[in-house]
Amino acid sequence: MKKTIALLAFVTLLASNAWAGSKGNKTAKNVKNNVAIKYINEHFETYDKLQKAIWAEPELGFLETHSSGLLKQHLRENGFTIEEGVAGMPTAYVATFGSGKPVIGFLSEFDALPGLSQDTVPYRKPLIENGSGHGCGHNTLGVASTAAAVSLSKWLTANHLSGTIKIYGSPAEEGGAGKVYLVREGLFDGVDAVLDWHPSSVNAVSTNGGTAMVMVDYKFYGKAAHAAGNPWKGRSALDAVEAFDYMVNLLREHVPTSSRIHYVIPDGGFAPNVVPEYARVSYYIRSPKRDILNTLTEWIDSAAVGAAKGTQTRVEKEIVAGTYERLHNRTLSKVIQRNLEAVGGVIYDERERKLVEGVIRATGNPDSIISQAVKVQPLAEFPKEGSGGSSDVGDVSWVVPLASFGAATFAPGSPGHSWQNVAVDGTTIGTKGLLNASRVFALSAIELFTDAKLLQNVKDEFRQSVGSDFKYVPLLGDRKPALDYRVTK
């Protein structure tokens, strides 16, 4: 208890000093009392309990009834009005507080990953064999955004200011592209800026554009037959999948090195002595640029048609999800960088440090890497071309100014989507990291609420970046949300 009190006192002092001493931060001069930061500092236990409740009951994409329900309940209790089941997604919502301009949005996620069930120990120990787990930290992601939104509602009220806070409850980020449907339905229309964060092993503003992606299921249909008795009467759908995959693997030599193609075969038949009449292969196709992605997808589509013809089967294509590359707003990113430096990183107590040291050893990293949790990385250069993973945040970034950052809720050096992340994120380490993210959100949003010139600069940069002729067209077309994509078939 003494350590908790000491931590809260330290964070309060840190936030107050940062608030008063940030050079060039007009918020420090314009706001009479720091209600938002005070609220966050005083509610560690509230958000520790909330994130652990979501961590303890991990739910996959579009199935997050419990997780989204907890967040909605907390927002209602704090005066937010909530529109539920938006854009055809039962677990999606938009929560709103206040009225008038400016309108500042926050992104919230809460879906887990399959196969990553894990106890809070520094070695592999699933709580449920083959069960789900929050390997991407979305148990803390949605809670941090919620805490920030609530803190700002207190600040708006205390200072008698106009302005609107919107928090977007976005399901199925992990492959279901929930935010794409929110964008497609126009739910970000009229929003002036959006703040985004993600759990990480470091504290840093995001400058990587990531990759555009389409998730495609290719379904092949053949004819069943006895594989020994009369195989000539059959047409193997699995043969078609294997021929298709072979052709795709050959074309890898001829695609840009920054592109990525990966697949699994979820359905390949049931018994070796039965010629499979149905087989399905699921592809992720990625590229830093949408035009290259579209060309590559067309090529892979042609390979699927060729495989079907060569095996006398039939193929159907289903786009399950599709996301844009991310467009970062440099002006807004600099605001976040300034406030991330003011807030700082995570300071471990003795128990937390012991857990993190064990995880670092299990990951094979040097012990010295532990210092990354308390440091804030300098603002990196914005690359001309993104790399790595994909996110539906990308679609949001093309319709409204957006900036993202990471806060250290994982052990330094931990790989993404790992049991190590689940082990650490479901403890007070995750809570400390998410509350740091909340403070960064609060400080940054207050600047946007109180500095009209700054907000205009953010919006001007956005309009210049997207160009006058840009028109948003979702990569997943007009399909309805794939609400069953995580349901075992």
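A crossing of two helices is right-handed if the near helix is turned clockwise from the far one by less than a right angle, and left-handed if anticlockwise. The exercises below concern a predicted model.

**Exercise 1.** Determine how helix 6 and helix 14 are oriented to each other, and characterise their contact.

*Solution.* Two packed helices are described by the angle between their axes and the distance between the axes. Helix 6 spans residues 138–158 and helix 14 residues 428–450; their axes come within 8 Å and cross at roughly 40°. Angles under 35 degrees would count as roughly parallel, and 65 to 115 as roughly perpendicular; helix 6 and helix 14 are therefore oblique to each other. Their crossing is right-handed. The contact of helix 6 with helix 14 comprises 14 nonpolar, 6 polar and no charged residues. Among them are Trp155 and Leu156 of helix 6, and Phe441 and Phe449 of helix 14.

**Exercise 2.** Classify the aromatic pair of Tyr93 and Phe110, and state whether its members are buried or exposed.

*Solution.* The ring centres of Tyr93 and Phe110 are 6.1 Å apart and the planes stand at 10°, so the pair is stacked. Tyr93 belongs to strand 2, whereas Phe110 lies in the loop between strand 3 and helix 6, 17 residues apart. Tyr93 has a relative accessible area of 0% and is therefore buried; Phe110, at 0%, is buried also.

**Exercise 3.** Repeat the analysis for Tyr218 and Tyr283.

*Solution.* With 5.9 Å centre to centre and 85° between the planes, this pair is edge-to-face. Tyr218 lies in strand 7 and Tyr283 in strand 9, so the pair ties together parts 65 residues apart in sequence. Tyr218 is buried at 1% relative accessibility, and Tyr283 is buried at 0%. Both belong to one aromatic cluster with Phe220, Phe244 and Tyr263.

How values were computed
Residues numbered from 1 in each chain as written. Predicted model: local features only at pLDDT ≥ 70, side-chain atom pairs only at ≥ 80, totals over all residues. Heavy atoms only, no water. Axes fitted to C-alpha atoms, helices over the stretch in contact; angles between N-to-C directions. Helix = DSSP H or I, 4+ residues; strand = E, 2+ residues; numbered from the N terminus. Parallel < 35°, antiparallel > 145°, perpendicular 65-115°, else oblique. Contact = heavy atoms within 4.5 Å. Nonpolar A, V, L, I, M, F, W, Y, C, P; charged D, E, K, R; others polar. Phe/Tyr/Trp six-rings, centres within 6.5 Å; stacked < 30°, edge-to-face > 60°. Buried < 20%, exposed > 50% of the residue type's maximum accessible area, 1.4 Å probe, protein only.
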